[in-house]
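The following paragraphs lead the reader through one protein chain, from its surface to the contacts between its helices. Please keep the sequence and the model in view while reading.

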Amino acid sequence: IADSFSLLAVYFIGDPLVNGKSLDNKALNLVAMIVPLSTATFNVATSEMQTAFEAQQKLSLVRKRVGRVRMDSADFDSDD
């Protein structure tokens, strides 16, 4: 979000101060806000996907371990 905030600060504070531009164009202002917000949303989504992939990998490792335990116990039961 810090990266997005710098873009907003330049557009809404820096540009009017330096170039004397007005912020009367509502459509342009909304577009200027959408770009950083979409960047922040994408970053959060990337983080959540990474967490989901790591959880899936841990789950598959647990399933492999449980499968081995079941196979080993089945092998011991059949020896009787």
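Patches are made of residues with over 30% relative accessible area and no salt bridge, and nonpolar side chains are joined into a patch within 5 Å. In this predicted model, Leu-7, Val-31 and Val-35 make a nonpolar surface patch of about 260 Å². Val-31 lies in helix α2, which covers residues 26-78. The relative accessibility of Val-31 is 46%, so this residue counts as partly exposed.

The wider setting of this patch can be described briefly. The chain has two helices and zero strands. Its accessible surface comes to about 7000 Å², and carbon and sulfur atoms account for 65% of that area. Of the 80 residues, 6% count as buried.

Which residues does Tyr-11 contact, leaving aside its neighbours within four places in sequence? Tyr-11 is found in helix α1, which spans residues 2-19. With those neighbours set aside, the contacts of Tyr-11 are Pro-16, Leu-23, Leu-28, Asn-29 and Ala-32. One of these partners, Leu-23, is twelve residues from Tyr-11 along the chain, and the C-alpha atoms of the two residues are separated by 9.3 Å.

Tyr-11 also takes part in an aromatic pair, and a search of the whole structure finds one such pair. Its members are Tyr-11 and Phe-12, with ring centres 4.8 Å apart and planes at 85 degrees; the pair is therefore edge-to-face, since planes over 60 degrees apart are classed in that way. Phe-12 has a relative accessibility of 24% and so counts as partly exposed.

Both members of the aromatic pair reappear among the contacts of Asn-29. This asparagine has its place in helix α2. Not counting residues up to four places away in sequence, Asn-29 touches Tyr-11, Phe-12 and Leu-23. Is Asn-29 buried or exposed? Its relative accessible area is 12%, and because the limit for a buried residue is under 20%, Asn-29 is buried.

A second asparagine, Asn-25, occupies the loop between α1 and α2. At 45% relative accessibility, Asn-25 counts as partly exposed, whereas Asn-29 is buried. The side chain of Asn-25 reaches the backbone nitrogen of Ala-27 at 3.4 Å.

Taken together, the contacts described here link the two helices: Tyr-11, of helix α1, touches Asn-29, which belongs to helix α2.

Notes. Residues numbered from 1 in each chain as written. Predicted model: local features only at pLDDT ≥ 70, side-chain atom pairs only at ≥ 80, totals over all residues. Heavy atoms only, no water. Phe/Tyr/Trp six-rings, centres within 6.5 Å; stacked < 30°, edge-to-face > 60°. Buried < 20%, exposed > 50% of the residue type's maximum accessible area, 1.4 Å probe, protein only. Patch = residues over 30% accessible without salt bridge, like charges linked within 9 Å, V, L, I, M, F, W, Y side chains within 5 Å. Areas by Shrake-Rupley, 256 points an atom, 1.4 Å probe, with all protein chains shown as cover. Salt bridge = Lys/Arg side-chain N within 4 Å of Asp/Glu carboxyl O. Helix = DSSP H or I, 4+ residues; strand = E, 2+ residues; numbered from the N terminus. Contact = heavy atoms within 4.5 Å. Polar contact = N/O pair within 3.5 Å; in protein donor to acceptor, adjacent residues only side chain to side chain.
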